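I opened this one to go through a few spots residue by residue. My notes follow in the order I took them.

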Amino acid sequence: MTQAVQRLTILGATGSIGASTLDVVARHPERFRVEALTAHRDSARLFELCLNHRPAYAVMADPAAARDLAQRIQGAGLDTRVLSGPAGLIEVASLPRVDTVMAAIVGAAGLLPTLAAVRTGKRILLANKEALVMAGGLFMAEVAEHQALLLPIDSEHNAVFQCLPTGPHAEGLPARGIDRILLTASGGPFRCCDIETLHTVTPDAACAHPNWSMGRKISVDSATLMNKGLEVIEACWLFDIAPERVDVVVHPQSVIHSLVGYSDGSVLAELGNPDMRTPIAHALAWPERIRSGVGPLDLVSIARLDFEAVDKQRFPCLELAYQAMQAGGAATAILNAANEIAVAAFLDRRMRFTDIPGVIEDTLSALAPGDAEDLDHILEWDARARQSAQRSVDARHRRTQAVS
């Protein structure tokens with residue numbers, strides 16, 4: 001029996017998730033066809049991908065980058081239509097002939113195109129955790145209404161998915177005999193350093209993750225453990241479970257990606273080498289299995305698996321995420337917006353690494369979050385939070401400049 005070719009849009013094709021997705025796709029040309037690729041500003045890199053994968057569409061979020069890409073495409077004689085801006089992203093996310101959308105745009109920018117894909121009932125491979133952090137209730141309601149298939153790509157949530165008795169869209173986990181979810185965290189590059197030296201951390205040091213190859217923003221989130229906080233929020237929405245049933249444990253080897261604890265005392269874990277091609281291949285082919293290019297796990301070589309409790313003093317961002325999820329309403333959208341502003345300021349060397357949780361806390365304290373009833377409300381809270389967070393960043397920058 002001949003298998004139908006799965007047609008893909010990859011949102012965020014030039015990032016690490018996009019690169020891993022294209023690597024898996026290239027290993028199975030009989031199964032997958034790339035219809036559209038998108039990027040933010042890196043027109044040169046997206047042009048290279050267009051040469052290799054010959055998509056029907058290419059989208060640059062930045063209009064100037066789109067003009068540059070269009071010139072390159074025309075010069076090469078490629079039959080690829082170039083689009084730009086949010087409208088272009090939404091168009092390729094909802095193309096009728098596309099079956100599957102890899103949602104890998106980093107940050108809040110990924111929310112609208114991912115929602116557009118959901119509303120056309122596609123298979124959504126969700127690597128953009130911010131979509132659920134910002135608009136979890138709305139997002140999951142749209143998934144149900146349009147009967148989209150939502151499959152998690154984050155290694156932790158994909159591991160949970162693999163350890164569940166059924167998919168993530170059935171009745172709540174407690175009704176299926178599940179007591180808790182345990183998300184593992186590597187602890188990032190500063191797990192063992194002297195906590196008093198964290199204020200001197202540079203962007204390059206924060207981005208030097210010991211196990212995973214990721215983009216700079218996500219790498220900083222891993223160093224602060226905010227990525228784990230966002231993943232706690234994402235897990236609550238994905239698997240319909242209360243935040244007090246989601247725990248985080250530090251596991252430096254990043255071999256166990258997550259665990260699920262059952263009411264009979266059993267704990268199921270998913271193990272593998274730390275390579276994003278594994279969860280990507282799993283979601284692309286689900287419910288089948290295909291080769292990902294990742295080698296087999298050698299337990300003898302690893303020899304040991306270590307676990308530690310989270311040091312809350314070292315990683316205050318995790319507790320802020322729990323507090324926002326428990327507060328409800330727009331609090332998680334505010335948290336996410338403040339974190340994006342804070343991380344960008346740190347990467348631009350406008351404030352210290354240890355100022356990141358302070359900016360987030362300032363923003364959560366400054367805004368009394370209301371309901372997140374619809375997308376307009378969510379985007380309004382996002383904008384207000386960014387303005388408030390920027391004021392906090394500017395104040396910290398001025399104090400630093402005055403001292404120096």
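**Entry 1: S292 and its surroundings**

I started with S292 and skipped its neighbours within four places in sequence; the contacts left are D23, V24, R27, R277, T278 and A281. This is a predicted model, so I kept in mind that local features need pLDDT of at least 70. Where does S292 sit? I found S292 in the loop between α11 and α12, the latter spanning 299-302. Buried or exposed? Its relative accessibility is 10%, and the cut-off for buried is under 20%, so S292 counts as buried. I also looked at what its side chain does: the side chain of S292 reaches the backbone nitrogen of V294 at 3.1 Å.

**Entry 2: the second largest pocket**

Next I pulled up the second largest pocket, which has a volume of about 300 Å³. Which residues come closest to its centre? I noted T278, I290, R291, S292 and V294, out of 17 lining residues. So S292 from my first entry is on this list, and its polar partner V294 is there too. Two elements give two or more residues to the lining, β11 (267-271) and α11 (277-285). Of these, α11 supplies the largest share, three residues. I sorted the lining by class and got six nonpolar, seven polar and four charged residues.

**Entry 3: helix α11**

With α11 contributing to that lining, I checked how enclosed the helix is. Eight of its nine residues are buried, so α11 is largely enclosed by the rest of the structure. Which ones are buried? I wrote down R277, P279, I280, A281, H282, A283, L284 and A285. Two of these, R277 and A281, are also among the contacts of S292.

I picked H282 for a closer look, a residue of helix α11. H282 has a relative accessible area of 6%, so I have it down as buried. What does H282 touch once neighbours within four places are left aside? I listed N158, F161, Q162, E288 and R289.

**Entry 4: the annotated C-terminal stretch**

I looked up the record for this part of the chain. In UniProt, an unreviewed entry, residues 271-387 carry the annotation "domain: DXP reductoisomerase C-terminal". How much helix and how much strand does that stretch hold? I get 56% helix and 1% strand over residues 271-387, and the end C-alpha atoms are 41 Å apart.

**Entry 5: two binding-site positions**

The unreviewed UniProt entry also lists the feature "binding site" at T14, G15, S16, I17, R41, N128, E130 and G215. I went through two of them, N128 and E130.

N128 lies in the loop between β6 (123-126) and α6 (130-146). At 0% relative accessibility, N128 counts as buried. Not counting residues up to four places away in sequence, I found N128 touching A103, I105, V106, G107, G110 and L111.

E130 is placed in helix α6. I have E130 as buried too, at 5% relative accessibility. Which residues does E130 touch beyond four places in sequence? My list reads V106, G107, A108, A135, K217, L230, N336 and E340. V106 and G107 are also on the list for N128.

**Entry 6: D99**

I moved on to D99, in the loop between α4 (85-93) and β5 (100-103). Buried, partly exposed or exposed? D99 comes out at 36% relative accessibility, so I call it partly exposed. The side chain of D99 reaches the backbone nitrogen of R7 at 2.7 Å. Leaving aside neighbours within four places, the contacts of D99 are V5, Q6, R7, K122 and R123. I also took the C-alpha separation of D99 and T9: 8.3 Å, for residues 90 apart along the chain.

**Entry 7: G187**

My last stop was G187, in the loop between β8 (178-185) and α8 (203-206). At 1% relative accessibility, G187 counts as buried. What does G187 touch beyond its sequence neighbours up to four places away? I found L225, V250 and F315. For a C-alpha separation I took G187 and K228, which are 41 residues apart along the chain and 9.7 Å apart in the model.

Note on methods:
Residues are numbered from 1 along each chain as its sequence is written. This is a predicted model: local features need pLDDT of at least 70, side-chain atom pairs count only at pLDDT 80 or more; totals for chains, interfaces and linings use all residues. Side-chain values use heavy atoms; hydrogens and water are left out. On a 1 Å grid over the protein atoms alone, a cavity is a set of points where a 1.4 Å probe fits but cannot get out, and a pocket is an open set with protein on both sides within 12 Å along at least five of seven lines; lining residues have an atom within 4 Å of a point. Grid points are joined across faces, edges and corners, and a volume is the space filled by probe spheres set on the points. Helices (H or I, at least four residues) and strands (E, at least two) are DSSP runs, numbered from the N terminus. Ala, Val, Leu, Ile, Met, Phe, Trp, Tyr, Cys and Pro count as nonpolar, Asp, Glu, Lys and Arg as charged, and the others, Gly among them, as polar. Buried means under 20% relative accessible area, exposed over 50%, partly exposed in between (1.4 Å probe, protein chains only). A polar contact is a pair of N or O atoms within 3.5 Å; within protein, one must be able to donate a hydrogen and the other to accept it, and residues adjacent in sequence count only if both atoms are side-chain atoms. Contact means heavy atoms within 4.5 Å. UniProt positions are given in the numbering used here, feature names are shortened, and annotations may be inferred rather than shown by experiment.
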